[in-house]
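Biologist: I am new to reading models of this kind, and I would be grateful if you could choose a single part, look at it closely, and then set it in its surroundings. Please take your time and explain each term as you come to it.

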Amino acid sequence: MPIDLRSDTVTLPTPAMRQAMANAEVGDDVYGEDPTVNRLEELSAKMLGKDAGLFVSSGTMGNLASLLAHCGRGQEAILGDQSHIYVYENGAASALGGIVYLPVRTEVDGTLALEALEGAVHSPAHNYHMFHYAPPGVICLENTHNRCGGVVLTPEYFAEVAAIAARHGLPVHLDGARLFNAAVALGRPVTDWTRHVTSIQLCLSKGLGAPVGSVIVGPKEFMWRARRMRKILGGGMRQAGIIAAGGLFALTQMVDRLREDHANAQILAQGLASFPGVSLDPPRVETNIVVFNVGSAEGAEALAGALEREGVLVSNFGGGRLRLVTHFGISAEDCHRAVDTIRKVRQPV
Ligand SMILES: Cc1ncc(COP(=O)(O)O)c(C=O)c1O
């Protein structure tokens, strides 16, 4: 078995999770009659401090249904230029919903500078000649931030963004694919963040280890629109309790163990930091993502290829950067072995 560090979505469910899935009580979720899906939606809303929840097939669908529920055609979604929604989700809200992406520079710490964010809002409060601009519909944040190396944005920053949103009457959507990693890293409850945003997309896959699925949570009225959007996207699933049971297990059993992934990421980070010609990027690893730079795109490609031949899988992040992600099924010993393998195969280009 290779040591697969490409992503945190590649784990197999634990035997206990599989058992829970096999035993799941099911019904027709399109009629709202799958008891396991209903339990998952209620629990996720409760844990994240919102009115209601919705089970969706993926993080991408969760973000898309949320954006479609927040914005009409021709409205702007203000988001980071390094955000997952902007970079990796195929311009979906634009392609399918006529939503205009308004990217703001993502800072190295995963934030959008507050002045830049406020300046990007085309609202009457700014005395713009309003008729020239697409009206704003939503502000999007991401936490932890994937392309910034798993950094944690703080609840205090969220409060500042919420104040800007409130000044302009805008909702805030959080791509919280890895929100529990942020909570575990800072030792704070997820509600410290979620109270400042309107809607959240949370991945049950990734670090929480479910094989499939995400949830969206938010206020009642928004959730009704999101449910309609899920249906439009073909995301109304029938006896989805089988996979929702994996999600329930993830939320109830898998949150605390994220700290193991963070500790294992430190093994990788410390090993890599000792190699000449390698820089961690960002230098401080805060959660389960380790990004390092080997100085050139060719060097990164060659290293990824050599590692693959030795049974260590990593992802190429572009610009000479490689990404390693720790997750359930990756042990401390695997991380030591991965560091040893990198030492062995690394050849300066
Ligand atoms: C920050 C972030 N948001 C959303 C997603 C999308 O999740 P999915 O792969 O389930 O569509 C990812 C996936 O890696 C992610 O890293």
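Modeller: What follows is a close look at one helix, α7, and then at the parts around it and the rest of the chain.

Please keep in mind that this is a predicted model, in which local features need a pLDDT of at least 70 and side-chain atom pairs count only at pLDDT 80 or more, while totals for chains, interfaces and linings use all residues. Residues are numbered from 1 along each chain as its sequence is written.

Helix α7 covers residues 155–167, which is 13 residues; helices here are DSSP runs of H or I with at least four residues, strands are runs of E with at least two, and both are numbered from the N terminus. From its first C-alpha to its last, α7 reaches 18 Å, close to the 18 Å expected at 1.5 Å a residue, where the expected span is 1.5 Å times one less than the number of residues. Four of its members, Pro-155, Phe-158, Val-161 and Ala-165, are buried. Seen down the axis of α7, these buried residues fall within an arc of 110°, so they line one face of the helix; the arc is that of the directions from the helix axis to the C-beta atoms. The face turned away from this buried side carries Glu-156, Ala-163 and Arg-167, which are exposed. For these two words the rule is a count: a residue is buried if 20 or more other C-beta atoms lie within 10 Å of its own, exposed if 12 or fewer, and partly exposed in between, with C-beta atoms placed from the backbone.

The cover over the buried residues of α7 includes α6 (114–120), β5 (136–142), β6 (172–175) and α9 (191–194), and this rests on contacts, meaning that the C-beta atoms of two residues, placed from the backbone, lie within 7 Å. After α7 comes Gly-169, whose phi is positive, near 65°. On the other side, the loop between β5 and α7 holds Thr-144, and the peptide bond that leads to Thr-144 from Asn-143 is cis, with omega near -5°.

Helix α8 (residues 179–186) makes a useful second example, since six of its eight residues are buried, so α8 is largely enclosed by the rest of the structure. The buried residues are Leu-179, Phe-180, Asn-181, Ala-182, Ala-183 and Val-184, and they pack against α9, β7 (199–203) and α12 (258–273). α9 therefore turns up in the surroundings of both helices, as it is part of what covers α7 and also one of the elements against which α8 packs. Following α8 is Gly-187, again with a positive phi, near 65°.

Two residues other than glycine also have a positive phi, and they differ in burial. Asn-90, with phi near 60°, is found in the loop between α4 (84–88) and α5 (92–97) and counts as exposed, because it has 12 C-beta neighbours inside 10 Å. Lys-206, also with phi near 60°, has its place in the loop between β7 and β8 (214–218), but Lys-206 is buried, with 26 other C-beta atoms within 10 Å.

The model also holds a ligand, and the residues around it include Glu-142, Asn-146, Asp-175 and Ala-177; a residue belongs to this surrounding shell if its C-beta atom, placed from the backbone, lies within 6 Å of the molecule.

Finally, the whole chain has 14 helices and 13 strands, and buried residues make up 50% of its 349 residues. A compact globule of that length would have a radius of gyration near 20 Å, and the chain has 20 Å, which agrees; this radius is taken over C-alpha atoms, and the globule rule is 2.2 Å times the number of residues to the power 0.38. Along the principal axes, the C-alpha atoms fill a box of roughly 60 × 55 × 35 Å. Of the contacts with a separation of 6 or more, 73% join residues 24 or more positions apart.
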